[in-house]
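Visitor: Please show me this chain and walk me through how its parts fit together.

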Amino acid sequence: MQHTAVVLVAHGTRDARGAETVRRLSERVAAALPSQEVALAFVDVQSPLVGEVLDDVMTRHTSVAVVPLLLSRGFHVDVDIADAVAAHPGSFALAQLGPDPLLATLLLDRLRSAGAPTTAHVVLAAAGSSRAEAAEDVEVAAEQLAAGWDAPVSVAYAAGTAPTVPDAVSAARQAGAVTVAVASYLLAEGHFHDRLDDAGADVVTAPLASDDEGADAVLAVVLSRLGTD
């Protein structure tokens, strides 16, 4: 794949911890691609927005790969990023990060390191979206996770989509689960992840990119999207 610059596009957050996690992830990508310019943009909350970054980067490059740092399709991928790319000939969008087997492996590692017993019912907790495509991607991510987990795996959402995480935890207990673990299918710290601690689960895993192990796994997915793994 021939391109001379990469624009990473994250959602954006007001949470300083989440913003720092995404910034460090961007630095990891830049270090892995020393011959290319790597810029970070956002679709909401934070600036600069993706269109503004493309305005700048495309003054220096004729071919720019746009990588969504998002875990499923949805409005931000299909509209915000797609519109920005359409307005900047020479730029092109690659697939979002999830679902991906590398992320499923990371989720399994997160569950084990958090002390979830192998008999725990796992609730995969995603951000949520009004678009059906996003739910389809999360269901695939849950199937990938379930392939490596012996107990049931269900899906829930932090906002915007049913079931909510507390409802899914409650349903798991009503179905007989002795232990319920919430697997955070969120990239970084922030409001959505904080809400998971109040869902009533016995175990809650860390966001995907919140430590070196997770950031390395997410980096591997980014590089695979770019065709440089």
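**Strands, helices and loops**

Guide: Start with a loop. Proline 163 sits in the loop between S6 and H6. Keep in mind that this is a predicted model.

Visitor: Which residue does a cis peptide bond join to proline 163?
Guide: Look at the bond itself. Its omega is about 0°, and the bond is cis. The residue joined to proline 163 is alanine 162.

Visitor: Where is proline 48 found?
Guide: Proline 48 also takes part in a cis peptide bond, which runs from serine 47 and has omega near 5°. Proline 48 is found in the loop between S2 and H2.

Visitor: Which residue has a positive phi although it is not a glycine?
Guide: Search the loop between S2 and H2. The phi there is about 70°. The residue is valine 45.

Visitor: What is the order of the four strands in the open sheet that holds S1?
Guide: Begin at the edges. The edge strands are S2 (37-42) and S4 (91-93), and each pairs on one side only. The pairing in this sheet is parallel. The order is S2-S1-S3-S4.

Visitor: What does the twist average from one strand to the next in that sheet?
Guide: Take the open sheet S2-S1-S3-S4. Step from one strand to the next, and the twist averages 25°.

Visitor: Which residue in S3 is the bridge partner of valine 6?
Guide: S1 covers residues 5-10, and S3 covers residues 64-68. The two pair in the parallel sense over five bridges. In S3, the partner of valine 6 is alanine 65.

Visitor: Which strands does H2 lie across?
Guide: Use S2 as the reference for direction. H2 runs at about 155° to S2. The strands that H2 lies across are S1, S2, S3 and S4.

Visitor: Are H2 and H3 roughly parallel or roughly antiparallel?
Guide: H2 (residues 50-57) and H3 (residues 75-86) have axes 9 Å apart. They pack at an angle of about 25°. Angles under 35 degrees count as roughly parallel. So H2 and H3 are roughly parallel.

Visitor: Which residues of H3 does H2 meet?
Guide: H2 passes H3 in a right-handed crossing. From H2 come Val50, Gly51 and Leu54. In H3 they meet Asp80, Ala84 and Val85.

Visitor: How do the residues of that contact divide?
Guide: Sort the residues of the contact of H2 with H3 by class. They divide into four nonpolar, one polar and one charged.

Visitor: Which strands stand at the edges of the sheet that holds S5?
Guide: This open sheet has four strands in the order S6-S5-S7-S8, with parallel pairing. An edge strand has a single partner strand, so one side of it is left without a neighbour in the sheet. The edge strands are S6 and S8 (203-204).

Visitor: Which helix does the chain cross through from S5 to S6?
Guide: S5 (residues 121-126) and S6 (residues 153-157) pair in the parallel sense over five bridges. In S6, tyrosine 157 is the bridge partner of alanine 126. The β-α-β crossover from S5 to S6 is right-handed, and its helix is H5 (residues 132-146).

Visitor: Which residue in S7 stands opposite leucine 124?
Guide: S5 pairs with S7 (residues 180-184) in the parallel sense, over five bridges. Opposite leucine 124 stands alanine 183.

Visitor: Which strands does H6 lie across?
Guide: H6 covers residues 165-174 and runs at about 150° to S7. The strands are S5, S6 and S7.

Visitor: Are H4 and H8 roughly parallel or roughly antiparallel?
Guide: H4 (residues 101-113) and H8 (residues 212-226) have axes that come within 9 Å. They cross at roughly 170°. Angles over 145 degrees count as roughly antiparallel. H4 and H8 are therefore roughly antiparallel.

Visitor: How do H1 and H8 lie to each other?
Guide: Their axes come within 10 Å and cross at roughly 55°. That is neither under 35 degrees nor in the range 65 to 115. H1 and H8 are therefore oblique.

Visitor: Which residues of H1 make the contact with H8?
Guide: H1 passes H8 in a right-handed crossing. On the H8 side, the residues include Asp212, Ala215 and Leu223. On the H1 side, they are Leu25, Arg28, Val29 and Ala32.

Notes
Residues are numbered from 1 along each chain as its sequence is written. This is a predicted model: local features need pLDDT of at least 70, side-chain atom pairs count only at pLDDT 80 or more; totals for chains, interfaces and linings use all residues. Side-chain values use heavy atoms; hydrogens and water are left out. Axes are lines fitted to C-alpha atoms, for helices over the stretch in contact, and angles run from 0 to 180 degrees between N-to-C directions. A crossing is left-handed if the near helix is turned anticlockwise from the far one by less than a right angle, and right-handed if clockwise. Contact means heavy atoms within 4.5 Å. Ala, Val, Leu, Ile, Met, Phe, Trp, Tyr, Cys and Pro count as nonpolar, Asp, Glu, Lys and Arg as charged, and the others, Gly among them, as polar. Two strands pair if DSSP finds at least two bridges between them. A crossover is right-handed if, with the strands pointing away from the viewer, the path from the first strand over the helix to the second runs clockwise.
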